[in-house]
Amino acid sequence: MIIQKAFKFRLEPTSEQRKLFAGFAGHNRFIWNRALTLQKESLNRKEGIIKNGDLEKMLVILKAEPETDFLKEAQSQTLQQTLKHLDRALWDAFDKKQPHKQFPKIKKKGKCIDSFRFPQGIEVAGNRVKLPKIGWVKFRKSREIVGEIRNATVSRRGDHWHVSIQAKLKTKDPKHPSATAVGGDLGVKIFLALSDGTTYAPLGAFKKFEQKLARAQRCLARMQKFSNNWKKQKRRIARIHEQIANSRYDFLHKISTEISKNYAVIALEEW
């Protein structure tokens with residue numbers, strides 16, 4: 001069988017590459033917001049969703065205008081990918097088969113995940129990845145990349161940039177060594193209870209960092225907004241939030257790995 005597999009690594013960009021990353025993310029955020037505004041206006045006029053092809057023509061016009069010619073700095077295909085993601089998000093929001101999907105929102109700087117995708121032109125050599133219009137960037141290679149590289153997404157979490165490289169590979173049909181099945185129920189006092197009596201206590205990641213986070217936020221409140229010390233303190237708070245998120249990711253990964261190794265079929269409540 002043929003599968004798509006992602007390999008995620010932490011990047012180690014130079015200061016100049018960091019500026020390029022931030023610029024690319026800002027350009028894609030701008031295009032998302034501009035296109036979403038046009039889509040909302042079209043829907044309010046009862047004219048339906050604007051075709052993605054028409055929005056891509058808008059990119060050419062924006063790059064030619066003096067007020068938005070900064071978009072020339074970005075890699076064109078990353079902007080096109082942003083429009084495709086918005087188009088998919090809009091259609092999913094109106095899909096009755098996906099009731100949990102919400103209508104896309106305006107992206108605000110500092111309050112959304114900075115990211116952009118390269119659909120092609122990615123190369124990997126050792127512990128370096130070549131990204132179009134950016135060049136070779138070092139990354140922390142924790143495992144080998146297997147398969148044919150299809151695309152790469154660069155994203156930021158806290159102070160760190162990461163790259164997720166998606167590869168296409170052929171593998172044998174999976175066969176689970178176990179033939180057992182189990183049901184699971186999510187709760188509050190007990191994070192997860194399985195039908196065979198196994199229970200998992202909640203992690204409480206926020207409680208572990210609650211006092212540290214509160215002190216950091218009180219300290220921030222006493223500082224002058226947008227001063228150098230205020231910006232440094234904002235980064236400290238972002239690192240605390242990143243620690244909380246990493247703890248939760250690690251907790252969920254360990255539990256899901258343990259359960260998937262022990263049971264062939266897993267049923268969970270709908271939520």
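**Exercise 1.** Is R140 buried, partly exposed or exposed? Use this predicted model to decide, and then describe the salt bridge that R140 makes with E12.

*Solution.* Begin with the relative accessible area of R140, which is 44%. A residue is called buried under 20% and exposed over 50%, with partly exposed in between, so R140 is partly exposed. Next, turn to E12, whose relative accessible area is 38%, and which is therefore partly exposed. The side chains of R140 and E12 meet in a salt bridge, with 2.9 Å from N to O. Finally, place the two residues along the chain: R140 lies in the loop between strand 5 and strand 6, whereas E12 belongs to strand 1, and the pair is 128 residues apart.

**Exercise 2.** Find where D114 and R29 lie, and state whether these two residues are buried or exposed.

*Solution.* First locate the residues: D114 is in the loop between helix 3 and strand 2, while R29 is in helix 1, 85 residues away along the chain. Then look at their side chains, which form a salt bridge whose closest N and O atoms are 2.9 Å apart. Both D114 and R29 are buried. As a last step, add R156, since R29, D114 and R156 are linked in a network of salt bridges.

**Exercise 3.** Work out the strand order of the open sheet, and identify which strands stand at its edges.

*Solution.* Reading across the open sheet, the seven strands follow the order 2-6-7-1-5-4-3, and their pairing is antiparallel. Strand 2 and strand 3 (123-125) stand at the edges with a single partner strand each, so one side of each has no neighbour in the sheet. From one strand to the next, the twist averages 35°. For one pair in detail, take strand 4 (residues 128-131) and strand 5 (residues 135-139), which run antiparallel and are joined by four bridges; here K130 stands opposite W136 in strand 5. Helix 1 packs on this sheet, touching several strands, among them strand 1 and strand 7, and its direction makes about 95° with that of strand 2.

**Exercise 4.** Describe helix 3 by its span, its N-terminal cap and its buried residues.

*Solution.* Start with the span: helix 3 (residues 76-93) has 18 residues and reaches 26 Å from its first C-alpha to its last, close to the expected 26 Å. At the N-terminal end, Q75 acts as a cap, with a side-chain oxygen 2.9 Å from the backbone nitrogen of Q77. The buried residues of helix 3 include L79, L83, L86 and L90, and what covers the buried residues includes helix 1, helix 2 and strand 2.

Note on methods:
Residues numbered from 1 in each chain as written. Predicted model: local features only at pLDDT ≥ 70, side-chain atom pairs only at ≥ 80, totals over all residues. Heavy atoms only, no water. Expected span 1.5 Å × (residues − 1). Buried < 20%, exposed > 50% of the residue type's maximum accessible area, 1.4 Å probe, protein only. Contact = heavy atoms within 4.5 Å. Polar contact = N/O pair within 3.5 Å; in protein donor to acceptor, adjacent residues only side chain to side chain. Pairing = 2+ DSSP bridges. Axes fitted to C-alpha atoms, helices over the stretch in contact; angles between N-to-C directions. Salt bridge = Lys/Arg side-chain N within 4 Å of Asp/Glu carboxyl O.
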